[in-house]
Amino acid sequence: MAAWVVCALCALVIIKPQEFIPELSGIPLVHAAFGLTLLCVALDVVWRRLRPTLAPQIVYAIAFLAWAALTTALKRPTALEERGLQLATVVGVFLAVAFAAASPRGLRALAITLVGCAVLTTVVAITQACQPYGCMLAAPDDWAGRGELEPDGRPCETNLDCRKDAPVPDGNYRCERPGPLGTSTIDGRVRYRGSLADPNELSLMAGMSIPLAIALAERRAGPRAPRKPGNGRPRPPDSARPTGAGADPRAPASPRRARAAPTLPLLLTDRLLSRVASALRALPVTAVIVAIGATVVMSRSRSGLIVYLAVLGLTFIRRSGTLGVVAACFVGPPMLLLGGRSGDEATESSEERVALLREAFEMIRRTKGIGVGAGQFGDESSFGLTAHNSYMLAAAETGLLGMCLFALVLYASLKVPLVIWLGDVEVGPAARRFAPAIFVSLCGALIGIFFLSWAYKDVLYMALGASAALYGAARAEDSRVSVRVSSREAALVCGAMFAVLVSLNILLRILG
């Protein structure tokens, strides 16, 4: 019961129906769902449906977010209330997923929810791309058009067309494609709304759901067939054996009573039928992968394209080995040709990211490694933007200690599915299927957040919570499952993060 309630909580956080359904506006749906999740978790624990287990990443995640709140209180006390509420929401969603979905049914329900949200946002994005351009009015101070836009029904080709005979003479008009659920494009790039209003973030979330969709499509592992006695030939049933005082119990069954097994035509074999069934089962997930690829292309997101190819490549290699590498080579070049941005727009974006990295290093030096406080990078930046790199964002806002804690959260979350996938443990079919899927999904996330500011992103912490839920589900099935981060591993992870800082600093100096 708790699993489906926490899935509803995740769907509310991602889809945000209260933003486009007027009847739901003003109702604290997320808070109500969170309270109901706590109640259901408590009931499942009392009824012994759940066995709460403390996954290793839980301690590091709480420590990181608590340190982020502390640095905000030290550096910007006036922003503590707003940022503290945001951090508390992230902690609540992370812990709710980690404990409520810690069962085979919970893992499957969570995967269905995340894939369903990705499919919905993908359909919205594709529908946007099919709409004609129209004039849309943005908020007076939203000159970048990142917020919600209101269409006025006039067709257009450029922003200048919308300023001619405008209903609002001094209005902030933009020429964009309208979409369902009150969405619209931004500079012609498809997107969703709320926390996924950025095309890059939409592409990353959709790409992370691909391994979960594949895991849901995989055939469930059935029970092993019992071994046949004797020399492997099947023992005839008792009804087919001769009876009577002089009957030999070892004699074969009478051919008159034995039924002939049905035979298949020569061209129809069990192997062929099994392959046809597998191909039919793969059709829905193939459609999802193709739709997500189309969304990534239409979002013109370079980071989303990298994540999409990385996730597909790891999946192909895991399932097909060398053949998977060949398949990835066929998929990669067309995606690289069609996706991403180019020209002056891409150059401007790259230069902006480099400038933001320089400002991140300046914040670290200015605060002597303590950080400027969670969510304060935009206020301290001359561009009014975040770092566009989660690792640098954690270092600039929460200091060097926060950067190390953030890296340990990611490392522990990666280690859990890897150990369950490759370790010598006896877990159920759900854990065996979702362990590699969660690992590949997190690998895509770690690549994507290098280009996005996701240090406190709710979608990221849902994926991290899925790893913690996998640990709880696996440990409930096999008590030998144990994942810990040793002091040596922690030192290596922190050392790797400092090496990344040094490398980026040298690269920025080379670039001038």
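Begin by selecting lysine 415, which at 18% relative accessibility counts as buried in this predicted model, because the cut-off for that class is under 20% relative accessible area. Lysine 415 has its place in helix H14, and, once residues up to four places away in sequence are set aside, it touches Val483, Arg484 and Glu489. Showing those three residues together with the lysine displays the contacts in question.

Next, keep helix H14 in view and colour residues 390–422, the span of this helix. With 18 residues, H14 gives the most to the largest nonpolar core, a set of 135 residues in which Phe406, Tyr456 and Tyr461 touch the most other members.

From there, centre the view on tyrosine 456. Which residues is tyrosine 456 in contact with, leaving aside its neighbours within four places in sequence? They are Phe64, Leu65, Ala68, Gln86, Leu87, Val90, Ala374, Gly375, Leu393, Glu397, Thr398 and Tyr461. A second core, separate from the one just visited, consists of six residues and includes Cys156, Cys162, Ala166 and Cys175.

Two of the contacts of tyrosine 456, Phe64 and Leu65, lead on to the next stop, where helix H3 (residues 56–75) and helix H16 (residues 458–477) should be selected as a pair. Their axes come within 9 Å and cross at roughly 150 degrees, which makes H3 roughly antiparallel to H16, since angles over 145 degrees are placed in that class. On the H3 side, the residues to display are Pro56, Gln57, Ile58, Phe64 and Leu65, and these meet Tyr461, Leu464, Ser467, Ala468 and Tyr471 in H16. Coloured by residue class, the residues of this contact divide into eight nonpolar and two polar, with no charged residue.

For the last stop, turn to the open sheet, whose three strands lie in the order E2-E1-E3 with antiparallel pairing. Strand E2 (150–155) and strand E3 (172–176) stand at the edges, and each has a single partner strand, so one side of each is left without a neighbour in the sheet. If direction is ignored, neighbouring strands of this sheet are turned by 35 degrees against each other on average.

Finally, select strand E1 (residues 134–138) along with E3, to which E1 is joined by five bridges, the two strands running antiparallel. What stands opposite leucine 137 in E3? The residue to pick out there is tyrosine 173.

Note on methods:
Residues numbered from 1 in each chain as written. Predicted model: local features only at pLDDT ≥ 70, side-chain atom pairs only at ≥ 80, totals over all residues. Heavy atoms only, no water. Axes fitted to C-alpha atoms, helices over the stretch in contact; angles between N-to-C directions. Helix = DSSP H or I, 4+ residues; strand = E, 2+ residues; numbered from the N terminus. Parallel < 35°, antiparallel > 145°, perpendicular 65-115°, else oblique. Contact = heavy atoms within 4.5 Å. Nonpolar A, V, L, I, M, F, W, Y, C, P; charged D, E, K, R; others polar. Core = buried A, V, L, I, M, F, W, Y, C linked by side-chain atoms within 4.5 Å. Buried < 20%, exposed > 50% of the residue type's maximum accessible area, 1.4 Å probe, protein only. Pairing = 2+ DSSP bridges.
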